[in-house]
Amino acid sequence: MDTAISRTSDDDLIQIVTPEGKRTEPSEYSRTVEDITIDKLRDLYEDLVVVRRIDAEATALQRQGELGLWAPLLGQEAAQVGSARALHADDFVFGSYREHGVAYCRGVDPTEMLRFWRGSTQSGWNPYEYNMTTPAIIVGAQALHATGYGLGMKFDGAEGAVITYFGDGATSQGDISEAFGFAASFGAPVVFFCQNNQWAISEPVTLQTHITIAERGRGFGVPSLRVDGNDVLAVLAATRTALARAREGSGPTLIEAVTYRMGPHTTSDDPTRYRPAALDDEWKQKDPIDRIERLLDAEGAMDAAFRARVKDRADHTAAELRRGCLGTVEPTAMSLFDNVYADPHPLIAEERDAYATYLAGFEGVQS
Amino acid sequence: MTATLAPTLPLGKALNAGLRRAMEDDPKVVLLGEDIGKLGGVFRITDGLQKDFGPNRVIDTPLAESGIIGTAVGLAFRGYRPVVEIQFDGFIYPAFDQIVSQVAKLHYRTGGNVKMPITIRVPYGGGIGAVEHHSESPEGYFAQTAGLRVVSCSNAADANVMLRQAIASDDPVLFFEPKRRYWQKGEVDVARPIDDAYPLHKARVVREGTDATIIAYGPLVVTALQAADVAAGEGRSIEVIDLRSLSPLDMDTIATSVRKTGRLVITHEAATFMGIGAEIAARVQDQCFYSLEAPVQRVGGFSTPYPAAKVEEFFLPDADRILDAVDRTFPA
């Protein structure tokens, strides 16, 4: 089978900054990001660089045996930063497992993200503290949770909206289709954000669908946008547009952010077995960070002080993350039994007590 | 107890009254399911509730079970207490992933920060002459899943109070309703508080006896009582326990009874192999080994798919098969 990335043209992609770093003609979308001054664009650039650095540091920590696994986001920084920076604090995020950039924008401590992948915790953080869920591994399940949460927001008359992230592979899951159907029927204030990174482990998106993912949303009556996922301004614009629809009571929107996973699916994966190097090279030309750098440079905003500021921030974040990871206080054996149930459960109590007694039996032997 | 406090209601209407009470008591209780609105559910358990509480409290959903449960998860995230109706037992399997991977695990996975107070009502079991996928007993799958509570009511009074207890629980509860007993009447005290002597996880001795114990739950409690009646005519005093809760198991009530009678028969409609009865038998031999006068006996469904209606009477445990098992616990 042909593993070309898409059978359809990309003419319909919303784009504000070209890969060459040039602004496109003004459009209804570019007008939604007119408030992004050069200073604010520099902040977005800094986010992109820091997020890439978090990813690189975590990948290194995995290679050094400190993490059991990591799901790199290399190449998807703009899709994550652009969408996350469109959110308000009271919006709620139902993420998948690669949204480290979104989590960073929500204020989650990168160390907390890592502890999940280290195997030290399943929780990472309190979802209510950042209005963002912890990683969800079963692909697509969280789109339904987002729909239910959005329905609850609607019942509550809340101002906020919900955004849920998933990949192109997840769109083959029934839960995604069911979420589209439920959200459309109920008019739930949900933004479905698909990071179409072209690959579901080794399977190209063409194996998941023969039409664009955006078109699949339209089939459910969910208005859908296709955006250049490597263009942080375009993603910001598309997400703002979708969130505004949700907030005004116009129901769900699907955003297909067309991007590319430049690294492996996870640190256990080897993309050289299934992916032509030429394709990787082609996408390197569309790098989400390079294009903003070119734009800022052209606008005279890549001065030495700014470069130093970004580098310091990335270095500092990486150092903090490494220190936090290596300083993780690991959970105890008895924590196994914590939080299985909200209310006391006799079976858990029985097993916990029996195991504590069993473990206590070794103390005499060791002393 | 006065007649006004304890009217006689069919089990199905007792459930309806329980839902109504729970919705009155807590505005966060919302109902989701297929056909539960205007129709009142295919068994009419939600009859009249949408009319009185509106379409935002009694929500007719698209026909997708995973979607129903997944949406309930999101509502629970938002602080609601969803009560889901799965139309028939055999329709729960498309929602299995959401139930065991999400509903059951989210409290654990989030370090206790996110509660999943979801009640999943499942009309279950055979005996109504239904076509396939309408008569199954999937409770064992869920009892094996950490994070879920699994209960089954057997009579109208319990149906009412146990459903309210399940909805009030901060944990997810699989609530199995014996659909062939929906029309069985009993006294129901709809004003009864739910924080009294019979918490959701307690079994109940429904008939005292001294010679052998029969454990049943859901639809087979009535059958077990019939068997005990027949046995009494033959001079045997049988104790009958209604398990009520399958997870957790009330081993105290079970062990107390077995230590008294020395003989145990467990019955359920689900397949005997790897069933709830196997767990009880293992625990009883562990805790009551020296009290047992005979090996523990099990009477359940066969290891076949649920059969066509014309032969289900041969598949379902009845009083005769239960009595045959009781006989096996007595030396010839």
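**Exercise 1. Work out what kinds of residue line the second largest cavity, and where they come from.**

Solution. Start with the classes: 8 nonpolar, 4 polar and 2 charged residues make up the lining of the second largest cavity. Keep in mind that we're working with a predicted model here.

Next, put that lining in context. Searching the whole structure turns up 4 cavities of 30 Å³ or more, and the second largest has a volume of about 90 Å³. Its lining runs to 14 residues, with Tyr97(A), Glu99(A), His100(A), Trp125(A) and Pro135(A) lying nearest the centre.

Now sort by element. Two or more lining residues come from each of α3 (100-105) and α4 (110-118) of chain A. Of these, α4(A) gives the largest share, 3 residues.

**Exercise 2. Lay out the open sheet of 5 strands in chain B and find which strands stand at its edges.**

Solution. First, write down the order: β9-β11-β10-β13-β14, with mixed pairing.

Then look at the two ends. β9 (204-207) and β14 (297-301) of chain B each have a single partner strand, so one side of each has no neighbour in the sheet. Those are your edges.

As for the twist, neighbouring strands are turned by 25 degrees against each other on average, direction ignored.

**Exercise 3. Describe how β13(B) and β14(B) pair.**

Solution. Take the sense first: β13 (residues 264-271) and β14 of chain B run parallel, paired over 4 bridges. To pin down the register, pick a residue: Thr267(B) sits opposite Val299(B) in β14(B).

Methods: Residues numbered from 1 in each chain as written. Chains lettered and ligands numbered in written order. Predicted model: local features only at pLDDT ≥ 70, side-chain atom pairs only at ≥ 80, totals over all residues. Heavy atoms only, no water. 1 Å grid on protein atoms, 1.4 Å probe; cavity = no way out; pocket = protein on both sides within 12 Å on 5 of 7 lines; lining within 4 Å. Points joined across faces, edges and corners; volume = space filled by probe spheres on them. Nonpolar A, V, L, I, M, F, W, Y, C, P; charged D, E, K, R; others polar. Pairing = 2+ DSSP bridges. Axes fitted to C-alpha atoms, helices over the stretch in contact; angles between N-to-C directions.
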